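Student: Could you take me closely through one part of this model, the aromatic residues and what surrounds them? I would like a connected account rather than a list.

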Amino acid sequence: KHVTAIVLAAGKGNRMHSDIPKQYMDMQGYPVIYYALKAFEESKVDDIILVTGAEDVAFCTKDIVQKYHFTKVKDVVPGGAERYLSVLEGLKKAQNADYVLIHDGARPMIGTEDIEKSMQMVEQEKACVLATPVKDTIKVVTKGYVTDTPDRDTLWAMQTPQSFSTELLRNAYIQLETKQKKEKIVPNITDDAMIVEYMTGHKIRIIPGNYANIKITTPDDFYTMRALLDAQENAQIYID
């Protein structure tokens with residue numbers, strides 16, 4: 001089966017408070033996006049589609065894909081105004097894929113083991129997502145007051161990659177487009193699983209992930225990534 005990874009790097013990262021988009025910020029001599037691409041390059045996926053801002057396509061092609069010899073990246077394409085529209089642009093290029101793994105480029109600490117767990121599970125389930133159980137008690141808050149306390153045992157924090165049968169995901173997008181034209185609304189879509197879940201009713205299988213697979217959103221996350229990389233490097237020195 002042909003497996004394509006769609007790596008999303010079109011976001012602006014406003015919460016990082018930086019003039020440089022977070023996926024291109026330097027982390028120990030490499031741009032943040034380098035680490036996610038390297039993991040997929042070293043995994044068993046067949047190819048990679050990198051989705052970036054329209055103004056960054058040439059930069060990513062020359063200064064990331066070519067510079068670091070990411071031979072599995074077959075396309076660098078401009079994304080859309082919203083995350084799910086960027087996924088759609090990547091999906092258009094995944095013509096030969098039986099399965100797609102959609103990953104946030106701002107999750108640099110993804111490991112090849114979790115990528116390959118996702119590849120194995122998606123063949124069985126058609127839709128699966130890496131996730132971790134939440135550690136904190138979660139409160140539902142309305143207008144500044146707690147209105148509910150969900151059972152923590154039922155709550156998981158979603159990660160990426162989120163993996164799907166290409167046919168299933170395309171069908172979900174077709175249904176979403178039909179709904180948008182009919183109802184004239186743009187839903188608040190926060191991840192790919194929502195589209196499949198709501199548009200097709202297909203169940204999403206959870207794959208227990210790794211807490212280190214953080215998303216870089218704020219400066220604090222950047223410092224956490226640096227600490228994780230240092231820990232990996234020290235562990236490797238110890239092993240060697």
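**The aromatic cluster and its surroundings**

Tutor: At a relative accessibility of 35%, Q28 counts as partly exposed, and this residue makes a convenient place to begin. The model is a predicted one, and what follows should be read with that in mind. Q28 lies in the loop between β2 (26-27) and β3 (30-31), and its phi is near 55°, a positive value in a residue other than glycine.

From that loop we come to the aromatic residues themselves. Y30, Y34, Y35, Y68 and F70 form one aromatic cluster, and the count of aromatic pairs in the model comes to 8. Among these pairs is that of Y30 and Y35, whose ring centres are 6.1 Å apart and whose planes stand at 80°, so the pair is edge-to-face, the cut-off for that class being an angle over 60 degrees. The two partners differ in their exposure class: Y30, with 32% relative accessibility, is partly exposed, whereas Y35 is buried at 14%.

Another pair is made by Y34 and Y68, again edge-to-face, with 5.0 Å from centre to centre and 65° between the planes. This pair links distant parts of the chain, since Y34 belongs to helix α1 (residues 32-41) while Y68 sits in the loop between α2 (57-66) and β5 (73-78), 34 residues apart. Both rings belong to buried residues, Y34 having a relative accessible area of 10% and Y68 one of 18%.

The burial of Y34 and Y35 fits into a wider pattern along their helix. In α1, the buried residues are V32, I33, Y34, Y35, A36, L37, A39, F40 and E41; with 9 of its 10 residues buried, α1 is largely enclosed by the rest of the structure. The charged residue E41 is thus listed as buried together with the aromatic residues Y34, Y35 and F40.

On the other side of the Y34 and Y68 pair, the loop between α2 and β5 also holds H69. H69 is exposed, with a relative accessible area of 61%, while Y68 is buried at 18%. The phi of H69 is near 60°, which is a positive value in a residue other than glycine, as was also the case for Q28, where phi is near 55°.

The aromatic cluster can also be approached from helix α2, in which V65 is placed. V65 is buried, with 10% relative accessible area, and, when residues up to four places away in sequence are not counted, V65 touches L50, C60, F70, V73 and V76. One of these partners, F70, is a member of the aromatic cluster, and another, L50, is 15 residues from V65 in sequence, with a separation of 9.2 Å from C-alpha to C-alpha.

Taken together, the picture is of a cluster made by Y30, Y34, Y35, Y68 and F70, in which Y34 is contributed by the largely enclosed helix α1 and Y68 by the loop between α2 and β5. F70 is in turn touched by V65, a buried residue of helix α2. Along the chain, the exposed residue H69 stands between Y68 and F70, two members of the cluster.

Technical notes:
Residues numbered from 1 in each chain as written. Predicted model: local features only at pLDDT ≥ 70, side-chain atom pairs only at ≥ 80, totals over all residues. Heavy atoms only, no water. Phe/Tyr/Trp six-rings, centres within 6.5 Å; stacked < 30°, edge-to-face > 60°. Buried < 20%, exposed > 50% of the residue type's maximum accessible area, 1.4 Å probe, protein only. Helix = DSSP H or I, 4+ residues; strand = E, 2+ residues; numbered from the N terminus. Contact = heavy atoms within 4.5 Å.
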